[in-house]
Amino acid sequence: MKIIFFGEDSFSNIVLQSLIAKGHDVQLVVCPLYDNNIHKRLENTCIQNEIKWLRVSKLEDADFVDRLKAIAPDLMVITHFERLLKKTIIKIPKKGCINLHPSLLPKYRGLSPQHWPIINGDDETGITVHFVDETADTGDIIIQKKVSITSDMYVYDLQVVFSELYKSI
């Protein structure tokens, strides 16, 4: 399957590396054009694996959408990507567009989902892989993996656990 990957941080990079290690055909990696270096691990992974790399300021740009269409991807994979995709992009891949979200959806949709279960004293959280629609984290759920939260856990501890789960997805 030809895959276009959307991500922007080191957690995205873990998933990208997992896809590459499993032999998936990642054709392009897309990252928002921010004025920081959060993307560097993704960029380095792309360079090392000879994957096309693109930072974009406007996801609605017609040239960008045409570039995605030209690849004719089977699947788009999104991980830790803080922007919502429009229908024009979501409908491009033949098999759909999926997102890895760090909470047990529908709970903690949106940004900073790793923080809220700890702040709210939840006993468990997890990760969700779901189909993408035009709203934030509301598409049909494909799979969820639960994680217990202990009373001495901090967000960092949870992110370490999630990092290991990301490798197995």
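Where does H130 lie? In this predicted model, H130 sits in strand β6, which spans residues 124-131. H130 is buried, with a relative accessible area of 2%. Leaving out residues up to four places away in sequence, H130 touches C97, I98, N99, H101, L105, D137, T138, G139, D140, I141 and I142.

**Around H130**

Two of those contacts have backbone features of their own. One of them is L105. A cis peptide bond joins L105 to P106, with omega about 15 degrees. P106 is found in the loop between β5 and α5 (115-119). Y108 also has its place in the loop between β5 and α5. Phi of Y108 is near 60 degrees, a positive value in a residue other than glycine.

Another contact of H130 is D137. D137 is in the loop between β6 and β7 (141-148). Phi of D137 is near 60 degrees, again positive in a residue other than glycine.

Several residues in this report count as buried because their relative accessible area is under 20%. The table gives values for some of them.

| Residue | Place | Relative accessible area |
|---|---|---|
| H130 | strand β6 | 2% |
| D137 | loop between β6 and β7 | 14% |
| E43 | helix α2 | 17% |
| Y108 | loop between β5 and α5 | 17% |

**The nonpolar cores**

In soluble globular proteins, nonpolar side chains tend to be buried together. Here the largest nonpolar core has 27 residues. Within this core, F5, L16, V26, V29, V77, F162 and Y166 touch the most other members. The elements giving two or more residues to the core are β1, α1 (10-21), β2 (25-32), α2 (40-48), β4, β5 (97-101), β6 and α6. The largest share, 5 residues, comes from α1.

What does F5 touch, not counting residues up to four places away in sequence? The list is S12, V15, L16, L19, V26, L28, V29, V30, L42, V77 and T79. Apart from the largest core lies another, of 20 residues. Among its members are V65, M76, I78 and L85.

**Aromatic pairs**

A pair of aromatic rings is described by the distance of the centres and the angle of the planes. The model has 3 aromatic pairs. One of them, F6 with F81, is edge-to-face: the centres are 5.3 Å apart, with 80 degrees between the planes. F6 lies in strand β1 (residues 2-6) and F81 in the loop between β4 (75-79) and α4 (87-90), so the pair ties together parts that are 75 residues apart in sequence. Both F6 and F81 are buried.

F162 and Y166 form a stacked pair, 6.3 Å centre to centre and 25 degrees between the planes. Both lie in helix α6 (residues 155-168), 4 residues apart, or about one turn of the helix. F162 and Y166 are buried too. Ring pairs also link F11, F162 and Y166 into a cluster.

**Two helices side by side**

How do α1 and α2 meet? Their axes come within 8 Å and cross at roughly 20 degrees. That angle is under 35 degrees, so α1 is roughly parallel to α2. The crossing of α1 and α2 is right-handed. On the α1 side, the contact is made by S10, S12, N13, L16, Q17 and I20. On the α2 side, R41, L42, T45 and C46 take part.

E43 also lies in helix α2. E43 and V29 are 14 residues apart in sequence, and their C-alpha atoms are 8.4 Å apart in space.

Note on methods:
Residues are numbered from 1 along each chain as its sequence is written. This is a predicted model: local features need pLDDT of at least 70, side-chain atom pairs count only at pLDDT 80 or more; totals for chains, interfaces and linings use all residues. Side-chain values use heavy atoms; hydrogens and water are left out. Buried means under 20% relative accessible area, exposed over 50%, partly exposed in between (1.4 Å probe, protein chains only). Contact means heavy atoms within 4.5 Å. Rings of Phe, Tyr and Trp (its six-membered ring) pair if their centres lie within 6.5 Å; planes under 30 degrees apart count as stacked, over 60 as edge-to-face and the rest as tilted. A nonpolar core is a set of buried Ala, Val, Leu, Ile, Met, Phe, Trp, Tyr and Cys residues joined through side-chain atoms within 4.5 Å. Axes are lines fitted to C-alpha atoms, for helices over the stretch in contact, and angles run from 0 to 180 degrees between N-to-C directions. Angles under 35 degrees count as roughly parallel, over 145 as roughly antiparallel, 65 to 115 as roughly perpendicular and the rest as oblique. A crossing is left-handed if the near helix is turned anticlockwise from the far one by less than a right angle, and right-handed if clockwise.
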